[in-house]
Amino acid sequence: MFLLLMTKKRRLRIASYNINGINSRLAVLTRWLAEFQPDVACLQELKCTDEVFPREAIEAAGYSAIWHGQRSWNGVATLSRVGEPVETRRALPSDPKLEQSRYLEAAVCGILVGNMYAPNGNPRPGPKFDYKLEWMDRLHEHAAGLLGSGVPAVLIGDFNVIPSDRDVYKPERWLKDALFAPEARERYEQLVAQGWTDAIRHLHPDERIYTFWHYWRNSFQRDAGIRIDHALLSPSLAKKLKSAGVDRTPRGWEKTSDHAPIWVEVEA
DNA sequence: ATGTCTGGCCCGGCCAGA
């Protein structure tokens, strides 16, 4: 019995949640942390400056955190209840718009966690779409370096890319959208092809899986969604993948985000 | 085509971004 306990491997639950305004969703966030109990939680779209990040509420929930905010838009934070995240970088190398808070990388429990919020890119064509593609090119370069280093790593967050027809309720409605643009989908495909494992799709190859539903026209009730939040695992971490999915529960709450959290469980 | 939210501006509805 003693031996059994000693050799029992524990699981680490790493989640990602585009919270769409951390201060206006604080009740949703703390409820989700309490109910879902992620060990690591990567948040995107904080929409707050560093000064007004709700550190006390996060700590009261049992998490230590690092964050990179920005006025009005973007913003990423990495929360952990399994040791303080050790920050390794707070932007992609050579991001063409460094003032945008879109990437926060940290070591937690021996895993390198890249928390990302890729540009939306609409309207297409235009400068915002150009920036989306440039940003994805920078991500591609950086991700290749991570794989080359051999470190167990996960790239997790809002990629703002619908990878395939299976990931959208009506593909024909999204043909002109930056999230479903061939140029963006190609880049996502090429990124995965470096050797990353799209954890949720890998474990659920045939399911319709969505992570985002518009607020309007009862999209969530009709399940008219898209899959744009992803978790990519490096080969060494993919070997330890046990389960992965989308937690749709908080999407049904009052005053909630338009995204649902995603999660992976790996053997620690 | 529509639709719904948030934050900013600077105090009451608009605008941009998503």
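**Strand B contacts and some backbone details**

Me: Which residue has a polar side-chain atom lying 3.0 Å from a phosphate oxygen of DNA strand B?
Reply: This is a predicted model, where local features need pLDDT of at least 70 and side-chain atom pairs pLDDT 80 or more, while totals for chains, interfaces and linings use all residues. Residues are numbered from 1 along each chain as its sequence is written, chains are lettered from A and ligands numbered from 1 in the order written, and side-chain values use heavy atoms, without hydrogens or water. The pair at the phosphate oxygen of strand B belongs to S24.

Me: And which side chain places an N or O atom 3.3 Å from a base nitrogen of DNA strand B?
Reply: K128 has a side-chain N or O atom 3.4 Å from a sugar or linking oxygen of that strand. The base nitrogen is partnered by W216.

Me: How much of the strand B surface within 4 Å of the protein is sugar and phosphate, counted in atoms?
Reply: Around DNA strand B there are 13 residues (a heavy atom within 4 Å), with S24, R25, S72, W216 and R217 the closest. Of the strand atoms that come within 4 Å of the protein, the sugar and phosphate share is 75%.

Me: Where is P123, which follows a cis peptide bond from N122?
Reply: Omega of the N122 to P123 bond is about 0°. R124 and P125 are also joined by a cis peptide bond. P123 sits in the loop between β7 (111–117) and α4 (127–149).

Me: Is N20 buried or exposed?
Reply: N20 has a positive phi near 55°. With a relative accessibility of 10%, and buried meaning under 20%, N20 counts as buried.

Conventions
A polar contact is a pair of N or O atoms within 3.5 Å; within protein, one must be able to donate a hydrogen and the other to accept it, and residues adjacent in sequence count only if both atoms are side-chain atoms. Helices (H or I, at least four residues) and strands (E, at least two) are DSSP runs, numbered from the N terminus. Buried means under 20% relative accessible area, exposed over 50%, partly exposed in between (1.4 Å probe, protein chains only).
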